[in-house]
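Trainee: Got a minute? I'd like to walk through a model with you.
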Amino acid sequence: MDESVLRLFSSTLKKAGYNTTKTRVAVFQCLGAASEPLTMHELYSDLNDTFDRSTLYRIIRMFEKVGIVQRVPTGWKYKLELTDVFVSHHHHAICLKCGKIIPIEENPDLESLINKIADKHNISAINHQLEIQGVCVGCQRP
Ligand SMILES: [Zn+2]
Ligand SMILES: [Zn+2]
């Protein structure tokens, strides 16, 4: 992970009144290294049981509160990923059958359309989420 991203991580924690501990860095790096959003369970097993589950839950709740982590809803459940502050802005397409999440890279036309819609409704947009739900190629086969 890039040194500047880690510095940004530390300063985000500091601003919110938290220290940068080894455990918090480990969780952050694990999410940063993942190619797609992770479930709490996947995150836990990726971390190789280096600490207990309740510690991980506490860290994730805090990360959500200070804007480091966001939830990606997948049907009834959700997965976790770093917010746009740390990774480039993108959207997701989600398979409703197997839960696979495909990242959709940033599209300038889409972004400007969303901003125009926000303007039209007199909303100064800070963030947005957009998600395409469907059935992936693998799940379309009979
Ligand atoms: Zn699928
Ligand atoms: Zn967008």
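Mentor: Let's go from the overall fold to the metal site, then to some helices and single residues.

Trainee: What should I know before reading any values?

Mentor: This is a predicted model: local features need pLDDT of at least 70, side-chain atom pairs count only at pLDDT 80 or more, and totals for chains, interfaces and linings use all residues. Residues are numbered from 1 along each chain as its sequence is written, chains are lettered from A and ligands numbered from 1 in the order in which they are written, and side-chain values use heavy atoms, with hydrogens and water left out.

Trainee: How many helices and strands does the protein chain have?

Mentor: Six helices and five strands. Helices (H or I, at least four residues) and strands (E, at least two) are DSSP runs, numbered from the N terminus. Along the sequence the pattern reads α-α-α-α-β-β-β-β-α-β-α.

Trainee: What does the C-alpha trace span along its principal axes?

Mentor: About 45 × 40 × 25 Å.

Trainee: And how much of the chain counts as buried?

Mentor: 33% of the 142 residues. Buried means under 20% relative accessible area, exposed means over 50%, and partly exposed is in between (1.4 Å probe, protein chains only).

Trainee: How much of the contact total comes from residues 24 or more positions apart?

Mentor: Among contacts with a separation of 6 or more, such residues account for 49%. Contact means heavy atoms within 4.5 Å.

Trainee: On to the metal. Which residues coordinate the zinc ion (ligand 2)?

Mentor: His89 (NE2), His91 (NE2) and His128 (NE2), plus Glu111 (OE), which is listed twice. The distances run from 2.0 to 2.6 Å. Donors are N, O and S atoms within 2.8 Å of the metal (3.2 Å for Na, K and Ca); water is not among the atoms, so sites may look incomplete.

Trainee: How are those donor residues spaced in sequence?

Mentor: As H-x1-H-x19-E-x16-H. His91 sits in strand β3 (residues 91-95) and Glu111 in helix α5 (residues 108-120), so this pair ties together parts that are 20 residues apart in sequence.

Trainee: Are His91 and Glu111 buried or exposed?

Mentor: His91 is buried, at 1% relative accessibility. Glu111 is buried too, with a relative accessible area of 11%.

Trainee: Tell me about α5. Which of its residues are buried?

Mentor: Glu111, Ile114 and Ala118. They sit on the same side of α5, because they cover an arc of only 65 degrees around the axis. The arc is that of the directions from the helix axis to the C-beta atoms.

Trainee: What do they pack against?

Mentor: The buried residues of α5 pack against β3. The face turned away carries the exposed residues Pro108, Asp109, Lys116, Asp119 and Lys120.

Trainee: What happens at the ends of α5?

Mentor: At the start, a side-chain oxygen of Asn107 comes within 2.9 Å of the backbone nitrogen of Asp109. After the helix comes Asn122, with a positive phi near 55 degrees.

Trainee: Switching to α4. Which residues are buried there?

Mentor: Thr55, Leu56, Ile59, Ile60, Met62 and Phe63. They fall within an arc of 165 degrees seen down the axis, so they line one face of the helix. Arg58, Arg61 and Lys65 are exposed on the other side.

Trainee: And what do the buried residues of α4 pack against?

Mentor: Against α1, α2 (22-33), α3 (40-46), β1 (69-74) and β2 (77-82). Just after α4, Gly67 takes a positive phi of about 80 degrees.

Trainee: Where is Phe86?

Mentor: In the loop between β2 and β3. Phe86 is buried, with a relative accessible area of 9%.

Trainee: What does Phe86 touch?

Mentor: Leaving out residues up to four places away in sequence, Phe86 touches Val5, Leu8, Phe9, Thr12, Phe28, Gly67 and Ile68.

Trainee: Last topic. How many disulfides are there?

Mentor: Zero, where a disulfide is a pair of cysteine sulfur atoms within 2.5 Å. Cys30 is buried, with a relative accessible area of 13%. Cys95 is buried as well, at 3%.

Methods: A polar contact is a pair of N or O atoms within 3.5 Å; within protein, one must be able to donate a hydrogen and the other to accept it, and residues adjacent in sequence count only if both atoms are side-chain atoms.
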